[in-house]
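Where do the charged side chains of a protein meet, and which parts of the chain do they bring together? Have a look at the structure below, and we will go through some of these contacts step by step.

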Amino acid sequence: MLLDITTRISRAVDNPGRAGYVDYQWHLKDQLDVVAPKISYVELFEPWGWVVGTGVYLDDVAADLAAWRQRLTNMGLLALLVACAIALPLSYRSATLRSREKEAQEAIRRTEERFRTVFATSPMGIAVNRMKGGAFLDVNPAFERLTGFSREELLGRNALIVLPGRKET
C-alpha cells in the first residue's frame, strides 16, 4: 500500500506546477484494521527535494457536508416557519377585513335601498340639492306634484326656479 501511494505522489508532483492531488486508501485515523478513502494535496519543495502534503478522509468531508446540509435545512425550515408565523395572521386579518368590508357594503346597500324607498314613497315633497349653487340632484314624485315640474325639468337647475315669480340666476 505504501509503495502504491509513493508512486502516486511522485506522479502528482511530476508536472510543471510540481503539485497535485492524490487519492488513496489509508488506515482510518490510525486504526490499522480499518481502511478508508483519503485525498491529499501534495507539493514538491524543490530546495530540499521534499514532498509536503496534507489530506482529509473523504468520510470526514462527507460528514461535514452532511452536517452543513442539515444546518442549512434547519435554517430553511426555521425561515419557512417564521414566514408562516407572519403570513398566517396577516392572511387571517386580510380575510377578516374583506368580510367586514362586504358586511359594510351590504349595510350601505340596505341603507340606500331604505332611503330610496322612503324618498320615492314619501307623501312629503323631498328634494336633494347641491350646497353650492342649489342645483337639484334629485326630487321625489311628491315634490314633482307639489311644484308642477317634472324631475327631468328640475335636475341640474337652480332651486329658485320653483319659487313663484323667481328666475334662475
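What follows is a short tour of salt bridges in this model.

Please keep in mind that the model is predicted. As background, side chains that carry opposite charges can pair when their charged atoms come close. Across the whole structure, a search finds 10 salt bridges.

Let us begin in helix α1, which covers residues 2-13. Here Asp 4 and Arg 8 are joined by a salt bridge, with N and O at 3.4 Å. The two residues sit four apart, about one turn of the helix. Asp 4 is partly exposed, at a relative accessible area of 41%, and Arg 8 is partly exposed too, at 30%.

Next comes a pair found in loops. Arg 18 and Glu 46 form a salt bridge whose closest N and O atoms are 3.9 Å apart. Glu 46 belongs to the loop between β2 and β3, and Arg 18 to the loop between α1 and β1, so this pair ties together parts 28 residues apart in sequence. Glu 46 is exposed, because its relative accessible area of 52% is over 50%. Arg 18, at 30%, counts as partly exposed.

Further along the chain, Arg 151 and Asp 138 meet in a salt bridge of 2.8 Å, N to O. This pair links distant parts of the chain, with Arg 151 in helix α4 and Asp 138 in strand β5, 13 residues apart. Asp 138 is buried, because its relative accessible area of 10% is under 20%. Arg 151 is partly exposed, at 31%.

Finally, look for a network of salt bridges: it links Glu 106, Arg 109, Arg 110 and Glu 113.

Note on methods: Residues numbered from 1 in each chain as written. Predicted model: local features only at pLDDT ≥ 70, side-chain atom pairs only at ≥ 80, totals over all residues. Heavy atoms only, no water. Salt bridge = Lys/Arg side-chain N within 4 Å of Asp/Glu carboxyl O. Buried < 20%, exposed > 50% of the residue type's maximum accessible area, 1.4 Å probe, protein only.
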